[in-house]
Amino acid sequence: MGKFNRRIGTKDQMYVTEVYGHLRGNLCLVVLDNVSTTEDFDKLNEIFCGAGMTNGSRIVLTTRFKNVALHADSSSTPHRIRLLTEDESWELFQKVSNIEWVKLEPKVEKFAKEVLGRCGGLPLAILALGCVMLARGITETNLQWVLDRINQGQYKAHWERAWESITTEQFLKIKVLDLEHVFRPQLPESLNKLTDIKYLSLRGTLLEEFPLCICTLQQLETLDLKHTGIRLIPSKIWKMNKLKDLFLSKENKTRLEGKPSGTYHENVRTLSTLFLYGSYPLLRYLNKLKKLEKLKLAFQLTGSEQGTLASKIVQLKQLHSLILRSINEDSGPEKLILKNMSRLEKLSSLHLFGIIEDKPLMSHLPQNLTNLTLSASKLSDDPMTELQNLPKLKSLCLYSDSYMGKRMVCATGSFVRLQVLRFWNLLNLEEWDVKEGAMPCLIELEAGYCENLAFPIGLKHLKTLRMIKLHEMSESFVKDSLFRKKNLLADIEIYYGG
């Protein structure tokens, strides 16, 4: 490692040391993605070969250049990833150029496919062509413009400079850029020339690092980073004063650095799915986001830190939708501390994941709730006693040990607007007593993995019920449902899942 250290900076040395710590003594599969030069490969290979991985470890290299592949291993034949077929190329082109549901004139479509054929099935080339057409519009004139430049050699065979060409010539006025499922697109610094862009989606791209050039897009209103590998959003994002909707990846516990600044708090409407640690400044500034309408949070916080969070949330008067997940290192449920939310008058959808020990809380929920989901709450008292008083509730889902008791009662006159009711993984529940006059508007009932629950005879009182979905229920429950269908529930469709 000494020889290599003389050629790299202090920051790179830190990364190398960290890599060594992860790999030393382990059986590893290392993937070096998109290596462009033999020099880059030599440097990376020196690191990994000296990392102390155990025998049997493997290094997989991906590259666009045959000389790099042969340099890495001259004794083997590189595996070539096949190019896209004509149909696959056309499907990708339609998606990128946003014409999936547009019927082109036959003459224009034929010409578009001719130009598309010049891309040779290369996804990057097709992406570039699609982006040009998205910006300029698919016309014979614009297609001829692209074809002329291909014939003049202004575009390389692999379209390596596609982004630069687009952003400097055709792309400047674009307002929407959707790169969903484009594999790890490399966004250039020249992206900042897209001064009018309002919507950018990198959903499903599997990017692992946040492209800093995004923070220069001062007109951007929506940024979608769902289903990426991005774990850290830099504090510079708070300088994007027009940003309204930020969607993050649930799987990665994505952290947002810094705190709101400037006029950001005047515009933001959506934060989803944000992960909070107690040391993050945002925990104490969340209440500054006065216009926040949708908030989806996961967190690992102490009791006092959760108290701080709860006090900030109840100040967000514009909230329409709220999802809170109190989790441990393994994403399992932890204690969930909440405060009286009855003053959140605009809150209509609420999803709580975590152990709720505050029994009176159920009586302090917003009265305008239409959708409520409880997961892993471990409530010991029948939740229906309090929840039945929510006058506008239309959908209620009780999942994953949300209730630990054996008996549940829906009283006469309860749940006057409820249309959908779902029970999942209520393993202790044995009896569900449905009184006549309860749930007068219920349409759909779904129950799954409630293995001790007996079939509720009171379902015969539900005159509006039209569908019952069952998943992995007990044999006696299924038999009773079949019998009742013949005698009492003739108008109801019953579905049995695996």
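**Notebook: rings and surface patches**

I started with the aromatic residues and found Phe275, Tyr277 and Tyr280 joined into a cluster by ring pairs. A note to self before going on: this is a predicted model.

Next I wanted the overall tally. How many aromatic pairs does a search of the whole structure find? My search of the whole structure turned up 6. I looked up the pair of Phe423 and Trp432, and its geometry is edge-to-face, with 5.0 Å centre to centre and 80° between the planes. Are Phe423 and Trp432 buried or exposed? I have Phe423 down as buried, and Trp432 as buried too.

Then I turned to the surface and its charges. Which residues gather in a patch of positive charge? I noted Lys288, Lys290, Lys317 and Arg343 there. I picked Lys317 for a further look and placed it in the loop that runs between helix H11 (303-313) and strand E11 (321-326). Lys317 has 39% relative accessibility, so I list it as partly exposed; the class lies between buried, under 20%, and exposed, over 50%.

My last stop was a nonpolar patch on the surface. Leu29, Val31 and Val60 make it, and I wrote down an area of about 270 Å². Where is Val60? I found Val60 in strand E2, which covers residues 58-61. Why can Val60 belong to such a patch? Its relative accessible area is 37%, and patch residues need over 30%, so Val60 passes that cut-off while counting as partly exposed.

Terms used:
Residues numbered from 1 in each chain as written. Predicted model: local features only at pLDDT ≥ 70, side-chain atom pairs only at ≥ 80, totals over all residues. Heavy atoms only, no water. Patch = residues over 30% accessible without salt bridge, like charges linked within 9 Å, V, L, I, M, F, W, Y side chains within 5 Å. Areas by Shrake-Rupley, 256 points an atom, 1.4 Å probe, with all protein chains shown as cover. Salt bridge = Lys/Arg side-chain N within 4 Å of Asp/Glu carboxyl O. Lys, Arg positive; Asp, Glu negative; His and termini not counted. Charge placed at Lys NZ, Arg CZ, Asp CG, Glu CD. Helix = DSSP H or I, 4+ residues; strand = E, 2+ residues; numbered from the N terminus. Buried < 20%, exposed > 50% of the residue type's maximum accessible area, 1.4 Å probe, protein only. Phe/Tyr/Trp six-rings, centres within 6.5 Å; stacked < 30°, edge-to-face > 60°.
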